[in-house]
Structures are given as C-alpha cells and as structure tokens.
Amino acid sequence: MAVAPALGIEQLREKARLIRKHIIVMTTLAGSGHPTTALSMVEVVVALYFGGILRYDPSNPYWEDRDRFILSKGHGCPALYAVLAEAGYFPVEQLKTLRQLGSPLEGHPNMRALPGIEASTGSLGQGLSIGLGHALAARLDGRDYHVFTMVGDGECDEGQVWEAAMAAKHFKVDNLTCIVDHNKYQQTGCVFDVMDYRPFADKWRAFGWHVQEIDGHDLEQVLSALRLAKSKPIKGTPTVIIAHTIKGKGVSFLEHRSDMHGRAIKIDEAKRALEELGWSWEGELD
Amino acid sequence: MELGRRIGLKLGLSTREAFGRALAELGEEVPNIVVIDGDVNNSTRTEHFAKRFPERFFNFGIAESNMVGVAGGMAACGKIPVVASFACFLMCNAFDQLRMSVAYPRMNVKLVGSHAGISIGQDGPSQMGVEDVALACALGGFVVIVPADEVETREAVRAAIYHNGPVYIRVGRPEVPIVYTDGCNFTIGKANKLRDGRDVTLIANGIMVAAALEAAHLLEQDGISARVLDMHTVKPIDAYAIEEAARDTGAIVVAEEHFAYGGLGSVVAMAAAERYPVPIGFVNLGDTYSRSGDPDDLLRYYGLTADNIAETAKRTIGRKR
Ligand SMILES: Cc1ncc(C[n+]2csc(CCOP(=O)(O)OP(=O)(O)O)c2C)c(N)n1
Ligand SMILES: [Mg+2]
C-alpha cells in the first residue's frame, strides 16, 4: 500500500466531525484528559491521514518506508488515537478504554503499547528532535519518507525546540516538517502572556526555515500547506506550518477558554457538545 | 485514595496543595523568597503565592532548564528561589542545570517536584516522577525530603526555607490521608517513629507512610509487632534510626513510591549494611515504567499496598538468622 486513498473535502469535513465526537466521548468517559488540546488539531491530523498526505499502512505499522507523524504535544493524543482507529490501526470500540489500566491508549502516547504511535511523548519539547532523528536516518538509509512533527505553541517555550530547529537547517534537512498548533493558549494562560516569543514566524525564518502560516481549521489551506511542505519547496530547508487554530474548536463553550486546559467535561456538557457537533449522544456516553 | 482507610485515617489535602499554601504563608515572613514556575502554577499550587506576591512570582513558560539556571543566578544575589514543576520535568529536564547552577556552587535554591509517583493516575508514565528521588540524592550536597501528608508538608517547606542550601521536596497530586493528626515534629534528617515494635521495622515516606501504618495494623493481627518509621528525609539519611531499628527488630522493610534503584530503599540499605546488617525487604516500583490508570488501581497493581508491605515483612522476618 502506498498512499491511503485521499478523501474529498466534504468527506474530510465529515471525518473531522467524527473525530471531534470521538474526542468528546473518550475523554468524558475517561473522566480526565485534554479535550481542548485535541480539538484544536483535528483538521491537521485528518488531512495528514485521510487527505492523501501520509504514506502509511495500518496492517504494517513498522513499514520502513512509511511517512512519520510524531505528536510532540503528546497530551493531544485523543485526536491521534481517534484518527488511528478510523484509519484501521485498531478497532474504534477500543477508543472507549482511554486511560484505563491495561489499555494501550494511555494518557500520553506510548509507542511500545500502540502500533501507529511513532514516539512516546508527554514531556514537552522533545518531538522535533526525535523527528529530526527520523529525518536524518532516512538520508542515511536512502529512503524517501517524510517526517511531520506537531508541537504546541506553549511547547515552543522549550529551548530544545529551537535547538532542533537550528540543527535541522544546519544539516539541510528538507524531509522534516514542523506543524505548530498555534491555538494561543497553554496551561496557565495565553501564550503571549506566559512567554511572549513574538515575532514567532520571524523566529522560524531567522532559524532558516521555510514558513507557511495558515488557518488550521480550513481543510483546503491545511491540505495545500502539507502538500507543499512534503514537496520540499526549497532544497535543504525544513518547513514549518504555523497553523492558527482555536483551542477547544467545535464546541462553543470550550473555545478560547484559558481555564479548560487538561480538563475533561461532564456527561451533561458532553451531551451538549455532541449536539453542537451534530451528533446524537444516545448510547454514546455509557 | 484507599491507603490508610482501613485504619481510619482521614483524607486531607494533597501534599502539593499543602506546599502551595505553606509557601504563600512563608512569603509574608521571608521577603527573600522568589517563586519560579513553568506553566504549571495551577498544578504545583504555587498559584497561591503568585496571587499574594505577584512581583516575586515568575512564570517562565515551559522551560525547566532555564528556570533552574535563573534560580541559581538569583540565589547568588541573596534571593531564596523556590522552583516548582512536575517532579519528572524539573529533575529530568533540568538535571545539568541543577548540577552546575545549583549543586556544585552550593546555591540556596529550593526545588519542589509535584505529581510524584504513580498515584497521579490517568495521565500516565510520562508525567510520573519515579526517578526524581534518585536524581536529587545524586546531586552533591542536596537535602531530599518526601513528606507524608499535609501536616508534615507544611513543616517540611518551612524547614527547607530556613535551611541554608539546596533542598528538594517531593509532593504528590492526590489528596492523601492525614498521618500526623496531633501535629508533627519535623527536623531535617531525623526520622519520626510513628509506632514502636519488636519484630520488624517498616520504613516509608510519602504516601507509603499511611500504607506502612496500615500494614503494621495487619501484622499485629497476625501477632507480629512492627515499628513504623517515617523517613521523610532521604538525604541526609537518619542512619542512627536505621541502626537502632536493625538492632531492636532484626528486620526492615522499605516502602516507597519510586523506582528501586537509588531511592529510599537503596539509601536505607547502605546505612544498614554499614552499621548493622539485617535482612531488608523492598516495596517499590521496580525497574519498569507503569501505565495509565486509576490511582488506586495502579497502586494495587504495582503492589504499593499495606497487604504487600505486610507480606514482604513476613518474608523478611523469615530471613532473619
Ligand atoms: C516538559 C514539560 N513541562 C510541563 C508540562 C506540563 N504541561 C502539559 S500540557 C502543558 C501546556 C501545553 O501548551 P501547548 O504546547 O500550547 O499545548 P496545547 O494544549 O495548547 O495544544 C503543560 C505546561 C509538560 N507536559 N512537559
Ligand atoms: Mg497551545
């Protein structure tokens, strides 16, 4: 299997709606987790896995030529788990075991527990370096896979992100793309109030990266940015996609909330959330 | 939290909450305290200090190594920096900064690691500090404290602030049973004897103190008399209390919510080996990362229970010569 068949834009939108349902259901049933973190990244992961961007094979998760997606902001894993289930890595019913003892769907991604997970993450700041490692290994092995890493915007406080950025350009790595889920919030507030690192895009430019800024919920923009990045637009240059997103996207009472980081919602709120997303909650939340 | 329930211990605050409140109180008394956090003030509970003393509180974002380096600099200028984050991120991410900016130049910096152990539950291994005590003990000149409950945490934070030199305090996420219902005499480096006994000594810290007390109760029902020591300070270890326990009871069990290597068990064994070797049993997290799950389920799954301490005590007593 080469590239999973790409869905059309309407089907992708529908997938995104489905992934959002899974996120709400899983985290509500688990009673903990980071639903708002997962909701902001939905369009990007849907485009990667169902929009014909990633080359992968759920029946052969360790295929050496697969493209990699490394979720550096590991606490967003409910979105990734939902996508992996829908892609066929494991049964969708298993999503409901999130965070239970013995489930491979741990609170943060565990690559030794769940095929399809490329890196064990949860301590922020490390995924771009790991991605760079995969990218350099591809060069050594003469393979043409592409590595996508998603980091949080708060995560970009970590010095290691910038060490990796510096090194990726130095080693002229162009099979590495960093996607920043720029949802403007981290745990304790707005990213610019916690640690104002603006001008953000210019920082990446100064580190030698090719920069694209997009609306991270507009699937067409997401798809074309990912396609462009994968085409290695500038030889020897890594690409960063700064995806402007909304933390909690899709559920009105979760959007832009600075106080909802790392909090699951209650059953009655989940019912409202599912209704807003156009789903019936009947039988979903028990 | 189930630990201690069978012997009627009442749930109190989490030790992180007790730390946050104590720190805010001390802020009044000790104007040199500055607090440094890394985007987790609402988790470590330094938010209490931040509200009262906003000008002495710094949120550095998610950047633990920078935080520790800055603390070293501030301490060099006479401040008493308290750096807080999750135990794993603070100790693991910033270890070289702890070594070079704090330990080696003997800076008066206090480190507080929250969310220690597996009792954080569902967030899983990436957020669990299970190596932090070993790392802190490895740093030259560090004092390492693991308080058992809210009462002891309050005393430990005060003692740490008034101690001149680097201190690591480990606190936890869940609400924990109150062990010190009648107050707590706290001296750095001096174990607290919570119960006397003849046949075996149970040495514990953190949440395992409640489990040890419960285990002593279980052992008593089987006619075994167990001493319980709260070894809140791992370094410097109370070697005298260990020697005395070895002489008086002839067997020791060490219980901790930490990996096997380099934690309380290792330190107690070293002291006992030097002063009065007796059989020692160990209850800890072994050498493998745990899983996500309900905290009580995890504690049971990994044997951090009163029952397992009692069983281990019986086996250890059986090894007496
Ligand atoms: C090294 C490290 N420090 C602290 C944390 C605790 N933590 C978990 S999520 C989070 C905020 C992350 O914000 P951001 O990167 O913007 O991700 P978002 O949830 O907004 O997608 C923090 C501080 C962590 N996981 N890792
Ligand atoms: Mg963010």
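Chain B, taken here from a predicted model, exposes about 11,700 Å². Carbon and sulfur atoms supply 49% of that exposed area. Turning from the surface to the inside, 65% of the 321 residues of chain B count as buried, with "buried" standing for under 20% relative accessible area.

What about overall size? The C-alpha trace of chain B spans about 60 × 40 × 35 Å along its principal axes. The radius of gyration tells a matching story: a compact globule of 321 residues would come out near 20 Å, and chain B has 19 Å, so the value agrees with that picture.

As for what the chain is built from, chain B holds 13 helices and 14 strands. Plenty of its contacts link stretches that sit well separated in the sequence: among contacts in chain B with a separation of 6 or more, 79% come from residues 24 or more positions apart.

Chain B also splits into two parts, with domain 1 covering 10-177 and domain 2 covering 192-317. The C-alpha centres of domain 1 of chain B and domain 2 of chain B lie 25 Å apart. The two domains do touch, though: 32 residues of domain 1 of chain B are in contact with 30 residues of domain 2 of chain B, where contact means heavy atoms within 4.5 Å.

Finally, the charges. Chain B carries 32 positive side chains and 39 negative ones. The centres of these two sets lie 3 Å apart.

Conventions. Residues are numbered from 1 along each chain as its sequence is written. Chains are lettered from A and ligands numbered from 1 in the order in which they are written. This is a predicted model: local features need pLDDT of at least 70, side-chain atom pairs count only at pLDDT 80 or more; totals for chains, interfaces and linings use all residues. Side-chain values use heavy atoms; hydrogens and water are left out. Helices (H or I, at least four residues) and strands (E, at least two) are DSSP runs, numbered from the N terminus. The radius of gyration is taken over C-alpha atoms; the globule rule is 2.2 Å times the number of residues to the power 0.38. Buried means under 20% relative accessible area, exposed over 50%, partly exposed in between (1.4 Å probe, protein chains only). Accessible areas come from the Shrake-Rupley method with a 1.4 Å probe; for residues, only the protein chains shown count as cover. Lys and Arg count as positive and Asp and Glu as negative; His and the chain ends are not counted. The place of a charge is taken as NZ of Lys, CZ of Arg, CG of Asp or CD of Glu. Domain bounds come from an automatic or database domain assignment.
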